[in-house]
Amino acid sequence: MQDDKTGVILDIDDVCISYSGELAVRNVSLPIYEKKITAIIGPSGCGKSTLLRSLNRMNDFIPGCELTGTVTFGDVNLVNADPVDLRRRIGMVFQRPNPFPKSIHRNVAWGPTINGFSGDMDERVEKALQQAALWDEVKDRLQDSALNLSGGQQQRLCIARALAMEPEIILMDEPCSALDPVSTARIEDLLFELKENYTIVIVTHNMQQAARVSEYTAFLENGVLVEYGDTEDVFTNPRNQRTEDYVTGRFG
Amino acid sequence: MSSSAESNLAWRHRKAAVFKGFCLTVTGLAVVILVVLLYQVSVIGLPWLDGQFLSSFPSRFPEKAGIKSALAGTLWLVSMTAMIAIPVGVLAAVYLEEYARPGRVTEFININIANLAGVPSIVYGILGLAIFVRFFALERSVISGALTMSLLILPVIIIAAKEAIRAVPSSLRQAAYAVGATRWQVVKAHVLPSAMPGILTGIILALSRAIGETAPLIMIGALTYVTFIPEGPMDEFTALPIQIFNWTSRPQQEFHELASAGIIVLLVVLLMMNALAVYIRNRGTR
């Protein structure tokens with residue numbers, strides 16, 4: 001693994017996460033590089049979502065969930081950060097599209113509004129929707145309910161909602177698992193454009209997706225980081241037998 | 001094998017049909033009883049229901065007696081009860097669902113609120129008499145009545161509001177937290193608006209109960225013969241169910257008919273409140 005810490009925006013160091021005493025993530029150390037896509041793969045229940053959700057402190061809402069170790073973001077330890085400020089800087093897209101039951105415009109504008117954004121809101125909304133490749137489809141009906149959009153459109157709206165905060169990192173928890181292949185392809189195209197400006201951490205079940213979109217890949221099994229490295233190496237030349245079995249589809 | 005499966009299927013269909021018929025009968029019975037009741041009350045009470053009845057104070061002469069003071073007292077009582085019980089009840093529910101850490105203490109509070117919802121109303125009357133009328137020396141005033149009624153309906157409001165808040169999907173809360181919202185911002189912008197229809201339904205049920213309760217009001221000493229309209233929260237008062245109760249306990253037939261007219265007024269007030277709540281709810285969900 002690389003010892004060079006330049007370009008590391010988020011440094012996960014010896015992190016253990018437990019639910020009511022039961023370990024879900026064990027001693028994971030992992031760098032997240034700036035303006036790159038890092039994929040976390042692994043079988044169901046391996047702790048990849050748990051690890052991802054610890055990066056913007058979403059696990060705070062789960063009673064009995066505890067984290068040891070450090071996650072360094074810039075020069076602060078996430079454990080000591082203000083979670084509200086943290087989530088403003090580290091956005092998240094969830095597994096199932098979860099737009100607010102409000103207008104399309106409001107969905108995107110709400111985050112900036114509550115965080116005291118005082119600039120041109122319409123401009124910010126348009127920019128976020130354009131970045132999420134949704135603008136052309138919704139520009140004439142911004143006041144319609146977001147619930148009238150299709151699943152794929154809703155998920156792109158959720159991405160726009162995260163982008164409107166202009167976060168430094170975007171966490172994506174299996175963002176395509178509830179979508180059809182066409183919508184999935186659109187979101188993957190989107191990821192390529194977004195990594196110009198954003199750091200993305202994506203949890204996925206889809207091996208091809210991880211291979212297609214990411215620069216770095218981490219393979220987790222039973223809460224243990226089995227392998228981490230350049231995506232190409234992990235997929236074509238894995239060091240670990242378990243990784244090879246998993247990425248070639250022999251199990252999981 | 002297949003023939004036995006077929007006869008089994010026929011038997012299952014028959015059972016389903018019997019159960020459906022049973023449910024229909026029970027529902028029909030409830031509706032018939034309600035219609036008969038309304039019909040009877042209307043036949044007896046409607047002839048007495050006129051402007052004179054609505055604008056007169058009680059009297060020992062049935063033809064001069066009216067419901068003005070009781071109607072005014074009920075409106076005072078219900079609006080003050082609403083002003084006290086709705087904010088307290090809804091905020092308590094928000095605290096218990098959104099803020100309180102799940103644990104023994106929260107569990108203990110929840111169980112006790114559920115128990116309080118089942119306490120007979122007369123017990124609240126005794127409590128109101130001891131605390132508000134005597135200890136706080138609020139006398140037999142509208143505020144005493146409203147505070148007592150608030151205690152009575154608080155558990156109903158809290159439980160309904162808690163259920164409504166719990167039904168808000170957690171994915172919605174997470175979405176809001178994930179863009180850097182504080183707890184209060186999440187509650188205000190997303191949880192409460194989504195839970196509002198359920199909360200309003202609970203409030204309607206609770207206030208409907210308050211409007212019909214008689215026992216606690218008698219206990220705290222609301223008057224039965226009032227020839228004035230309360231002008232402030234410290235004034236004495238009477239209420240519709242008390243007036244109705246008073247009329248039914250008189251020996252003269254005319255007063256029994258007046259009671260029926262009073263019941264119609266009570267039902268109309270109730271229906272208007274429900275209509276208002278439905279209107280607010282429909283406007284809110286749009």
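**Figure 1. B:Arg281 is a partly exposed residue of a chain B helix, in a predicted model.** B:Arg281 has 17 C-beta neighbours inside 10 Å, so it counts as partly exposed (20 or more other C-beta atoms within 10 Å makes a residue buried, 12 or fewer exposed, and anything in between partly exposed, with C-beta atoms placed from the backbone). Its home is helix α11 of chain B, residues 253-285 (helices are DSSP runs of H or I with at least four residues, strands are runs of E with at least two, and both are numbered from the N terminus). Setting aside residues up to four places away in sequence, B:Arg281 touches B:Pro197 and B:Leu200 (contact here is C-beta atoms, placed from the backbone, within 7 Å). B:Ile199 sits 82 residues away from B:Arg281 along the chain, yet their C-alpha atoms are separated by 9.6 Å.

A word on bookkeeping for every panel: residues are numbered from 1 along each chain as its sequence is written, and chains are lettered from A and ligands numbered from 1 in the order in which they are written. This is a predicted model, with local features needing pLDDT of at least 70, side-chain atom pairs counting only at pLDDT 80 or more, and totals for chains, interfaces and linings using all residues.

**Figure 2. Two helices of chain B, α4 and α10, differ in how many residues they bury.** Take α4(B), residues 104-116, to begin with: this helix has 13 residues and reaches 18 Å from its first C-alpha to its last, close to the 18 Å expected at 1.5 Å a residue (that expected span is 1.5 Å times one less than the number of residues). Zero of the 13 residues of α4(B) are buried, so the helix lies largely in the open. Now for α10(B), residues 240-248, which is mostly covered, with seven of its nine residues buried. The buried ones are B:Leu240, B:Pro241, B:Ile242, B:Gln243, B:Ile244, B:Asn246 and B:Trp247.

**Figure 3. Here is where chain B meets chain A.** On the chain B side, 15 residues are in contact with 20 residues of chain A. Helices α7 (170-178) and α8 (183-212) of chain B each supply at least two residues of that side. The most comes from α7(B), which gives six residues. By class, the side of chain B that touches chain A has eight nonpolar residues, seven polar and no charged (nonpolar covers Ala, Val, Leu, Ile, Met, Phe, Trp, Tyr, Cys and Pro; charged covers Asp, Glu, Lys and Arg; the others, Gly among them, are polar).

**Figure 4. In chain A, α6 packs against α7.** The axes of α6(A), residues 151-163, and α7(A), residues 181-194, come within 9 Å and cross at roughly 20 degrees (axes are lines fitted to C-alpha atoms, for helices over the stretch in contact, and angles run from 0 to 180 degrees between N-to-C directions). The two helices are therefore roughly parallel to each other (under 35 degrees is roughly parallel, over 145 roughly antiparallel, 65 to 115 roughly perpendicular, and the rest oblique). The crossing of α6(A) past α7(A) is right-handed (the near helix is turned clockwise from the far one by less than a right angle; anticlockwise would be left-handed). From α6(A) come A:Gly151, A:Gly152, A:Gln155, A:Arg156 and A:Ile159, meeting A:Ser183, A:Arg186, A:Ile187 and A:Leu190 of α7(A). That contact has three nonpolar, four polar and two charged residues.

**Figure 5. Helix α6(A) also meets α3(A), where A:Ile104 is buried.** The axes of α3(A), residues 104-114, and α6(A) come within 7 Å and cross at roughly 30 degrees. This pair is therefore roughly parallel too, and its crossing is right-handed. A:Ile104, A:Asn107, A:Val108 and A:Gly111 of α3(A) make the contact with A:Leu157, A:Ala160 and A:Arg161 of α6(A). Those residues divide into four nonpolar, two polar and one charged. A:Ile104 has 29 C-beta neighbours inside 10 Å and so counts as buried. Beyond its neighbours within four places in sequence, A:Ile104 is in contact with A:Val138, A:Arg141, A:Leu142, A:Asp144, A:Ala146 and A:Leu157. A:Ser145 is 41 residues from A:Ile104 in sequence, but 6.0 Å away C-alpha to C-alpha.

**Figure 6. Two loop residues of chain A, A:Ala133 and A:Glu174, have positive phi.** Most residues other than glycine have a negative phi. A:Ala133 has phi near 55 degrees and sits in the loop between α4 (121-131) and α5 (135-138) of chain A. With 18 C-beta neighbours inside 10 Å, A:Ala133 counts as partly exposed. A:Glu174 has a phi of about 45 degrees, in the loop between β7 (169-173) and α7 of chain A. With 20 C-beta neighbours inside 10 Å, A:Glu174 counts as buried.

Key: Two residues are in contact if their C-beta atoms, placed from the backbone, lie within 7 Å.
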